[in-house]
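Grab a pencil and have a look at the model below. We'll work through a few exercises together, one step at a time.

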2 protein chains.
Amino acid sequence: MPASSSPTPELQIDLSAIAANYTYLKSLVAPGVDVAAVVKSNAYGLGIDLVVPALLEAGCARFFVGDLREGLHVRKRLASSATIHLLSGFGAGDTDECISSRLDPVCRSLPEALASSGRLPQLSLAVDTGFSRFGLPLSELATLVHQTSRAPDLLVSHLACADLPADNTNVLQHDRFMAACEIMRPRKRSLAASAAVWLGNRFHLDVVRVGSALFGLNNAGIEPCPLQPVVALKTHIVDVRTVQPGEAIGYAASFRASRRMQIGIIALGYVHGLPWSAANAISAVIGSHIVPVVGRVAMEYTAIDLSDLHPSLCLPGALVELIGSGLSADAMARAIGTVPQELLVRLGSGCRRQYVCRPLASRGAFH
Amino acid sequence: MPASSSPTPELQIDLSAIAANYTYLKSLVAPGVDVAAVVKSNAYGLGIDLVVPALLEAGCARFFVGDLREGLHVRKRLASSATIHLLSGFGAGDTDECISSRLDPVCRSLPEALASSGRLPQLSLAVDTGFSRFGLPLSELATLVHQTSRAPDLLVSHLACADLPADNTNVLQHDRFMAACEIMRPRKRSLAASAAVWLGNRFHLDVVRVGSALFGLNNAGIEPCPLQPVVALKTHIVDVRTVQPGEAIGYAASFRASRRMQIGIIALGYVHGLPWSAANAISAVIGSHIVPVVGRVAMEYTAIDLSDLHPSLCLPGALVELIGSGLSADAMARAIGTVPQELLVRLGSGCRRQYVCRPLASRGAFH
């Protein structure tokens, strides 16, 4: 019988690994290229309050946050000269706060750009080169130049297919971005996000914006993964039971025991951010053993198959890892059929977050 | 240009509809049957603080919460004689808090049952009849009877296939549960959760435990749905753009424009709880028009196709509904390939929650 009836899963976040990944990414670009950190959506769910200072200490001086609220939050904790860009663009009501908190919105439309140009000390601008989301289309740039003589401090665009290096869209977007730079003559140019770091120097330009890669996600699919793993997902066995052949395990009887089985119930369900679609598709680690998840993922619990383990390992309270110990967030996302970024933001908001910060000497080589 | 650059999606929660669903479910069972509310996981993500009082007012006097923490939280706000059961069972360290806050853990193992029997004023017990998760197997009941002469106040089991009425598992679990009741002679018996309300009277016994159905989810698949919809998911258009034929929309170019299109970008992404797997699979409503989601769901944004709408409807700031106005959470979950419970807990934690409480007169008939 457990001491407490309420064990909760834990997402362990290694701040040293985030800093090490920053340093590594910096080593992949030329010395003059600025590596900015994308920490939108509460640093991909990992907690902006601790992630930003770790990056600042690693030498990062430029941050992209989601919106004004996040920008104000970060600026309060960041009494430094670091630059904070707002990815959500410029709202007419945001002028005073942008000025007083030194926040630089990345304007995403012609009206935003014209308003910002007249009101804010910096002008940052997004152009749409083939993502069809935000940013001025190339056809509107001439109008902007005609209406304001001001050159942007930063010109930004976003690649749709950077994790598909052979896709023609990358070259097409690059060429369009260079054409936009010809028209706008920005002080700094930024096209590459995480995966595009590996597309080659010509994509790096002046500022690369890395989010996923900082958090250990291998969007570019480089093997072996050159990034340090950042998150580990840990929970405990809360119940162990013997299941007879033919008995069903979990909702809809999606798994039936083909033999006498030992089943462990772990405290981890879709309320904690493990997707329901992980049913019968992913694995967990106990000690040095890999065991499969069996049956559906329920709201707070999931079942794992302990049949092949020594009974001494199969006790309530035993530690179970679902990310970490060789199981990557990337691999889990592939098995489930989603992107690892979604896993991070879901687990980060659904689990208890615990931070670790290892001394340099204990870290393994990562490249 | 929007007044604010940071519109956020909103999950509207209709407390009156929850109360009405409670009343309706009560009408489906015999007068002596107790209808208990399952409000674990923060009332399925909808906010236990407001959901519990609404249910109390509707006449609910028995609640099932997830764990001790939730039980203590609810008891503080519920200075009433309502019964609060803890689904997470009984931990040895929880005795004092269970007694002082009148919380009744549903014991899930023989050691828990024996400990609870000696320490707590109430004895509630789960038996496993075919779900292979928690609860004493039938084979252990004789041992329990042998070691404690105390009859349980409540005996509980949970059906694996209640939303599959033709599945033999239901009858099998029912018969096993009746056998367990023969052995344990509990004061009250509880086998049915939401979907099992529609399996017939013999499943109702003394206490039915409803969660999903309270929140408008039609797990039993009754057509037309007899439950009032509880949640609405609303957001706004933040950008509208013209996309030329052949251009890609969003990540990985998973959607390409086959004609000149008008695309709306809405403030709703997987950080808000819209699953990434909703890409190219679900619809939204603007005014009285249904429009498809196109391309991948990104972290904070999703694209919708506005091409067939009058331009006056396609402006930044326009209201967009993804659940509500005829689009049910059940239908969205089916389209995405998940269960609606997962949608609720994800949207409830990812979106701003807003509560509505309509006067009785404005409610439509629901049966």
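Here are five exercises on this predicted model, each followed by a worked solution.

**Exercise 1.** Work out how chain B can be laid on chain A.

*Solution.* Step one: look for the turn. Chain B lands on chain A after a turn of 180°, with a shift of 0.0 Å along the axis, and the RMSD is 0.0 Å. Step two: name the symmetry. The two copies are therefore related as by a two-fold rotation axis. Step three: check the surface they use. The same surface serves both copies, since 100% of the contact residues of chain B recur in chain A.

**Exercise 2.** Describe the side of chain B that touches chain A.

*Solution.* Start with the count: 62 residues of chain B are in contact with 62 residues of chain A. Next, find the elements. Those that give two or more residues to this side of chain B include α4 (68-77), α6 (110-119), β11 (231-243) and α10 (340-350) of chain B. Which one gives the most? That's α10(B), with four residues. Finally, sort the residues of this side by type: 31 are nonpolar, 19 polar and 12 charged.

**Exercise 3.** Decide whether helix α10 of chain A is mostly covered or mostly open, and find what its buried residues pack against.

*Solution.* First, tally the helix: 11 of the 11 residues in α10(A) (residues 340-350) are buried, so the helix is mostly covered. Among them are A:L343, A:L344 and A:L347. Now look around them. Within chain A, the buried residues of α10(A) pack against β1 (10-14), α2 (40-44), β11 (231-243), α9 (329-336) and β19 (352-356). They also pack against α10 of chain B.

**Exercise 4.** Find out whether strand β19 of chain B is buried or in the open, then zoom in on B:V356.

*Solution.* Begin with the whole strand. β19(B) has five residues (352-356) and the number buried is zero, so the strand lies largely in the open. Then ask what it pairs with. Five bridges join it to strand β1 (residues 10-14) of chain B, and the two run parallel. One of the pairings is B:Q12 with its bridge partner B:Q354.

Now for B:V356, which lies in this strand. A residue counts as exposed if 12 or fewer other C-beta atoms lie within 10 Å of its own. B:V356 has 11, so it is exposed. Leaving out residues up to four places away in sequence, B:V356 touches B:Q12 and B:D14. Its C-alpha atom is also separated by 7.5 Å from that of B:S16, although the two residues are 340 residues apart along the chain.

**Exercise 5.** Track down some backbone oddities: cis peptide bonds, and residues with a positive phi that are not glycine.

*Solution.* Take the cis bonds to begin with. In chain A, the peptide bond from A:E223 to A:P224 is cis, with omega near -10°. A:P224 sits in the loop between β10 (207-210) and β11 of chain A. In chain B, the bond from B:E223 to B:P224 is cis too, with omega near -10°, and B:P224 is in the loop between β10 and β11 of chain B.

Next, the phi angles. A:N42 has a positive phi of about 55° although it isn't a glycine, and you'll find it in helix α2 of chain A. With 19 other C-beta atoms within 10 Å, A:N42 is partly exposed. B:Y44 also has a positive phi of about 55° without being a glycine, and it belongs to helix α2 of chain B. B:Y44 has 27 other C-beta atoms within 10 Å, so it is buried.

Key
Residues are numbered from 1 along each chain as its sequence is written. Chains are lettered from A and ligands numbered from 1 in the order in which they are written. This is a predicted model: local features need pLDDT of at least 70, side-chain atom pairs count only at pLDDT 80 or more; totals for chains, interfaces and linings use all residues. Copies are superposed by least squares on the C-alpha atoms of residues with pLDDT of at least 70 in both. Two residues are in contact if their C-beta atoms, placed from the backbone, lie within 7 Å. A residue is buried if 20 or more other C-beta atoms lie within 10 Å of its own, exposed if 12 or fewer, and partly exposed in between; C-beta atoms are placed from the backbone. Two strands pair if DSSP finds at least two bridges between them. Ala, Val, Leu, Ile, Met, Phe, Trp, Tyr, Cys and Pro count as nonpolar, Asp, Glu, Lys and Arg as charged, and the others, Gly among them, as polar.
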